[in-house]
Structure formats: structure tokens, C-alpha cells
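Here is a short guided look at one protein chain for anyone meeting it for the first time. Keep the view open beside you as you read.

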Amino acid sequence: METFNAIAWLPLCAGVTIAGLVLAFLAFRRRGAAAGMRMTAWALLPVAAYLTGALQTLWTVGSAVVGFVTSLVFNPTVWIGVAVAGLSVVLFVVSGVMRGRKLSAGRGLGRKKKTGADTPETEQAVRPAQAAPAVGQKTTQPLPKPAPRKAAAKADDDFSDIEELLKRRGIS
């Protein structure tokens with residue numbers, strides 16, 4: 001803090017503010033009220049920072065950043081730390097990609113892909129012996145009822161117009 005106290009901050013901040021106010025007046029005359037007011041707001045910040053004590057905080061933060069950067073550039077141990085941090089980031093990204101692939105593969109095993117041959121209508125056409133009794137054979141068991149597919153049918157209805165549009169444009 002000795003270097004901070006060695007600088008005469010009040011005259012410096014007042015001088016920057018006065019120069020900013022002169023530029024704000026010129027901006028007001030040349031570019032209008034909005035530009036002049038914006039420039040005035042910027043010009044008042046140095047004096048405000050001095051009066052609130054924020055200037056000393058900004059000085060401390062700036063000194064810490066400069067000290068960190070200079071120790072980063074000139075210290076090989078810090079470069080090793082940066083390399084380890086980079087390795088950590090790479091491992092996080094790679095593990096996330098691997099986990100995403102594992103989850104998507106696990107989801108894909110649970111459901112069977114629907115193709116045109118898997119629909120109930122084509123299943124009955126492929127296996128007519130199971131669907132209907134032979135000529136002259138009595139049916140002792142009632143035919144199994146297909147599972148209710150109202151929700152799927154409703155979803156198909158919702159997307160049928162989109163599918164039709166895509167087919168017309170050659171997008172499948």
C-alpha cells in the first residue's frame with residue numbers, strides 16, 4: 001500500500017474528471033445530448049472512485065493481477081500448474097463425451113427401431129397363418145386384440161402434415 005499512498009490521487013482524479021467534462025461538452029455540442037450525457041457519466045467516475053474508496057480497491061486488484069501474471073510468466077512451477085489444469089479440463093470434456101455416448105447407447109438398446117416391416121399391418125400380411133384360421137378350421141380361441149395405440153396414432157396425426165411436406169421436398 002505504500003505505492004498507493006505515494007500517489008496524489010485527488011488531483012489526478014480531479015484532472016481526469018475535468019478533462020472528461022471538457023470532452024463531454026464538446027461531444028454535447030457536436031453529437032447531441034445523449035453523447036454528452038454519456039461522456040459526462042464516464043468523466044465523473046474517477047472522482048467517484050476516489051471519494052468512495054473504490055480506487056484503492058481497484059489498485060489492490062490491479063496489483064494482484066499484475067503480480068499473478070508476472071509470476072505466471074517467469075515461474076516454471078506455475079506453468080506446470082497451468083498444464084495440469086488444462087489436462088483436467090480435457091479429462092472432463094472427454095469423460096462427458098464418453099458418458100453421453102454410453103447413455104445414448106443404453107437408451108438405444110431398450111427400444112427397437114420401427115421400420116415399415118415392423119408395423120402391425122405388415123406383420124399380419126407377413127404371417128397370415130397366425131392371423132386367420134385356415135379354410136374349414138374352427139377357431140377355438142378368439143383372435144388376440146391389438147394393443148391400443150391411440151396415443152401413437154394421435155402423435156402420427158400431429159406430424160403427418162410435416163412428414164408429407166418433407167417427402168414432397170425430398171427430405172426423408
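## Helix H8 and a negative patch

Asp-157 sits in helix H8, which covers residues 150-168. The model you are looking at is predicted, so please read each detail below with that in mind.

Is Asp-157 buried or exposed? Its relative accessible area is 56%, and Asp-157 counts as exposed because the cut-off for that class is over 50%. Asp-157 also has company: together with Asp-158, Asp-161, Glu-163 and Glu-164, it forms a negative patch on the surface.

## The chain as a whole

Now step back for a moment. How many helices and strands does the protein chain have? The answer is 8 helices and 0 strands. Read from the N terminus, the order of elements is α-α-α-α-α-α-α-α.

The protein chain has 172 residues, and 8% of them are buried.

## A buried residue in helix H2

Helix H2 spans residues 9-31, and Thr-17 is one of the residues within it. Thr-17 has a relative accessibility of 5%. Buried means under 20%, so Thr-17 belongs to the buried class.

What does the side chain of Thr-17 reach? It comes to the backbone oxygen of Cys-13, at 2.9 Å.

## A positive patch

Helix H2 has a charged side to its story too. Arg-29, Arg-30, Arg-31 and Arg-38 come together as a surface patch of positive charge. With 3 residues, H2 is the element that gives the most to this positive patch.

Take Arg-30 as an example from the group. This arginine lies in helix H2, and Arg-30 is exposed, with a relative accessible area of 71%.

## A nonpolar patch

There is one more patch to find. Which residues make the nonpolar surface patch? They are Ile-18, Val-22, Leu-23, Phe-25, Leu-26 and Met-39, and the patch comes to about 530 Å². Once again H2 gives the most, this time with 5 residues.

Phe-25 is a good residue to pick out here, and you will find it in helix H2. Its relative accessible area is 48%. Exposed means over 50% and buried means under 20%, so Phe-25 falls in between and is described as partly exposed.

## Looking back

Helix H2 is worth a second visit in the view. It holds the buried Thr-17 and the exposed Arg-30, along with the partly exposed Phe-25. For the negative patch, turn to Asp-157 in helix H8.

Key
Residues numbered from 1 in each chain as written. Predicted model: local features only at pLDDT ≥ 70, side-chain atom pairs only at ≥ 80, totals over all residues. Heavy atoms only, no water. Patch = residues over 30% accessible without salt bridge, like charges linked within 9 Å, V, L, I, M, F, W, Y side chains within 5 Å. Areas by Shrake-Rupley, 256 points an atom, 1.4 Å probe, with all protein chains shown as cover. Salt bridge = Lys/Arg side-chain N within 4 Å of Asp/Glu carboxyl O. Lys, Arg positive; Asp, Glu negative; His and termini not counted. Charge placed at Lys NZ, Arg CZ, Asp CG, Glu CD. Helix = DSSP H or I, 4+ residues; strand = E, 2+ residues; numbered from the N terminus. Buried < 20%, exposed > 50% of the residue type's maximum accessible area, 1.4 Å probe, protein only. Polar contact = N/O pair within 3.5 Å; in protein donor to acceptor, adjacent residues only side chain to side chain.
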